Each structure stands twice: as C-alpha cells, then as structure tokens.
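Subject: Structure for you to look through

Dear colleague,

I am passing on a structure that I would like you to open and explore alongside this message. Please have it on your screen as you read.

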Amino acid sequence: MRFLPTMRGLLFTISLIPGLVLAQTTHPLQQTIDKVVTFQAEFVQEQPEEQFFRVNRAFGEFYLARPGMMRWNYTRPDPQQILVDGRHLWVYEPELAQVTVQRVSEIQGDIPLAWLLFEEPIEQTYRIINAGERQGLTWYNLRPRSATFFQSIEVGLKDDQIKAVWMYQGPDEVTKVTFSNIQQNQPIAHEHFELQLDGNVDYFGEF
C-alpha cells in the first residue's frame with residue numbers, strides 16, 4: 001500500500017525546508033564573518049598615487065568587538081584614532097587637537113567595515129561576487145546595493161581569517177589594507193574602545 005502523508009505531516013516537512021536550504025546556501029564569506037567575535041591586528045594601509053608613481057603607506061593597530069565596537073588606530077606617519085562605540089563614530093586628530101563625531105545610524109552605509117562590524121547579513125546590503133585566487137588569498141568582491149562612499153570592497157581570506165581588505169572609491173582610487181599578527185576571538189580590554197585624548201580638544205558634530 002502506498003503511503004499518503006497527512007496534511008499535518010506534509011506541513012511539518014515543508015516547515016523544515018527553509019532551514020535546510022539556508023544551511024546549504026550560506027555564503028563562505030558570511031560563514032567566516034559569523035565566527036568572528038573579536039579581532040585585533042596590526043595593519044599596513046597603502047594608497048597608490050599613479051600620477052606620481054608612488055605609494056603612500058600608513059601603519060597602525062585595529063581592534064574589533066562585534067557587534068558595533070571598533071578602533072582604527074593610525075600610529076604613523078600621522079597619528080589618528082577612528083573609534084566606533086556602537087552609537088557614534090569618533091575621529092580624533094591629535095595634530096589639529098580636534099574630535100569629529102557622527103551618529104552611526106546616519107552614516108552606517110559609508111563605514112567601509114560595516115559588513116564586519118555589525119551583525120546584519122552581508123547580502124542585505126552587498127552583493128557578494130567570488131573574485132578568485134591571487135596573492136595566496138581567496139577574494140570576494142562586495143558591491144553595495146545602494147550608493148555609498150565606496151564603489152566596491154574586496155576581502156581576501158586565508159585559513160578562515162581576514163587577511164586583506166581593498167576599498168575602491170573608483171577604478172584608479174583604491175585603499176589597500178593588509179593585516180598581520182592577527183588575534184581572533186581573544187579578550188580585548190574595554191579601554192581599546194575609548195578615546196585616548198592628549199590635552200584639550202575641540203569637538204565638532206552631534207553627540
């Protein structure tokens with residue numbers, strides 16, 4: 001006798017399908033990001049100037065605690081702190097003795113590492129395009145679904161870690177960041193997500 005499922009059994013079986021499909025189709029980049037709780041590293045930032053045949057380099061430290069906490073600390077040649085505390089983005093420029101502050105809710109789409117900093121699925125705001133293998137890394141291109149400061153972002157992975165991020169403002173305007181001495185999912189002291197001011201400063205923006 002052939003078995004005919006009851007309506008209740010059929011509905012139960014169908015209800016399981018979305019979860020199964022989701023598990024099978026989660027993008028490899030999303031799987032890597034989902035494993036990140038904290039991330040700290042040293043970085044080198046390069047901005048080629050083709051018209052002058054030179055590359056500007058900056059060095060610093062990066063700290064991240066998901067969701068919403070980030071510190072991008074330039075140490076040389078020009079010290080600068082960029083801090084996200086969950087609600088505001090702060091930029092401290094010691095040489096100018098000034099701090100600029102903006103609400104994250106107003107500029108989240110323009111934060112180049114928003115796809116890493118927050119917990120929203122990457123494909124909610126970006127199209128993920130496989131960009132192949134080069135320089136020993138597996139690359140993915142992120143294309144914003146709506147206009148942002150960057151035209152696209154490339155993420156380079158190796159051994160299930162983020163090793164490089166390239167940010168394109170245009171075909172010939174690209175900022176290349178390479179991470180080293182990476183520590184992932186290790187405790188990070190809260191002080192790393194606090195502004196470290198040197199003397200009196202002027203504040204600009206809205207708190």
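What follows is a walk through what was found in it, one topic at a time.

Please keep in mind from the start that this is a predicted model.

A good place to begin is T32, which is found in helix α2, residues 28-34. T32 has a relative accessible area of 5%, and because buried means under 20%, T32 counts as buried. If its neighbours within four places in sequence are left aside, T32 is in contact with L157 and D160, and the side chains of T32 and D160 are joined by a polar contact of 2.9 Å. You may also like to find I162, which is 130 residues away from T32 in sequence, although the two are 8.4 Å apart in space from C-alpha to C-alpha.

D160 itself deserves a second look, since its place is in the loop between β9 (152-158) and β10, and its relative accessible area of 35% makes it partly exposed. The phi angle of D160 is near 65°, a positive value in a residue other than glycine. A97 also has a positive phi without being glycine, in this case near 55°. A97 sits in the loop between β5 and β6 (98-103), and with 27% relative accessibility A97 counts as partly exposed.

Two peptide bonds can be added to these backbone details. The bond from R66 to P67 is cis, with omega near 0°, and P67 is found in the loop between β2 (54-65) and β3. The bond from R76 to P77 is cis as well, with omega near 5°, and P77 has its place in the loop between β3 and β4.

Next come the aromatic rings, where the count comes to 10 aromatic pairs. One of them is formed by F43 and Y74, an edge-to-face pair with 5.6 Å from centre to centre and 85° between the planes. F43 lies in strand β1 (residues 38-49) and Y74 in strand β3 (residues 69-76), so this pair ties together parts that are 31 residues apart in sequence. Both F43 and Y74 are buried, and ring pairs link these two with F39, F62, W72 and F179 into a cluster.

Charged side chains meet rings too: R76 lies over the face of F59, at 4.0 Å from the ring centre, while the charged end of R134 sits over the ring of W139, 4.2 Å from its centre.

Finally, there is the empty space to consider. The largest pocket holds about 500 Å³ of space, and of the 21 residues that line this pocket, the closest to its centre are Y74, I82, P112, F150 and M167. The elements that give two or more residues to this lining are β1, β3, β4 (80-85), β5 (88-93), β10 (161-170) and β11 (173-184), and β3 gives the most, with three residues.

A search of the whole structure for cavities of 30 Å³ or more finds one, and the space in the largest cavity is about 40 Å³. Among the residues that line the largest cavity are G109, D110, I111, Y126, P144 and I153. P112 and F150 also belong to the lining of this cavity, and both are listed with the residues closest to the centre of the largest pocket.

With best wishes

Note on methods
Residues numbered from 1 in each chain as written. Predicted model: local features only at pLDDT ≥ 70, side-chain atom pairs only at ≥ 80, totals over all residues. Heavy atoms only, no water. Helix = DSSP H or I, 4+ residues; strand = E, 2+ residues; numbered from the N terminus. Buried < 20%, exposed > 50% of the residue type's maximum accessible area, 1.4 Å probe, protein only. Contact = heavy atoms within 4.5 Å. Polar contact = N/O pair within 3.5 Å; in protein donor to acceptor, adjacent residues only side chain to side chain. Phe/Tyr/Trp six-rings, centres within 6.5 Å; stacked < 30°, edge-to-face > 60°. Lys NZ or Arg CZ within 6 Å of the ring centre and 35° of its normal. 1 Å grid on protein atoms, 1.4 Å probe; cavity = no way out; pocket = protein on both sides within 12 Å on 5 of 7 lines; lining within 4 Å. Points joined across faces, edges and corners; volume = space filled by probe spheres on them.
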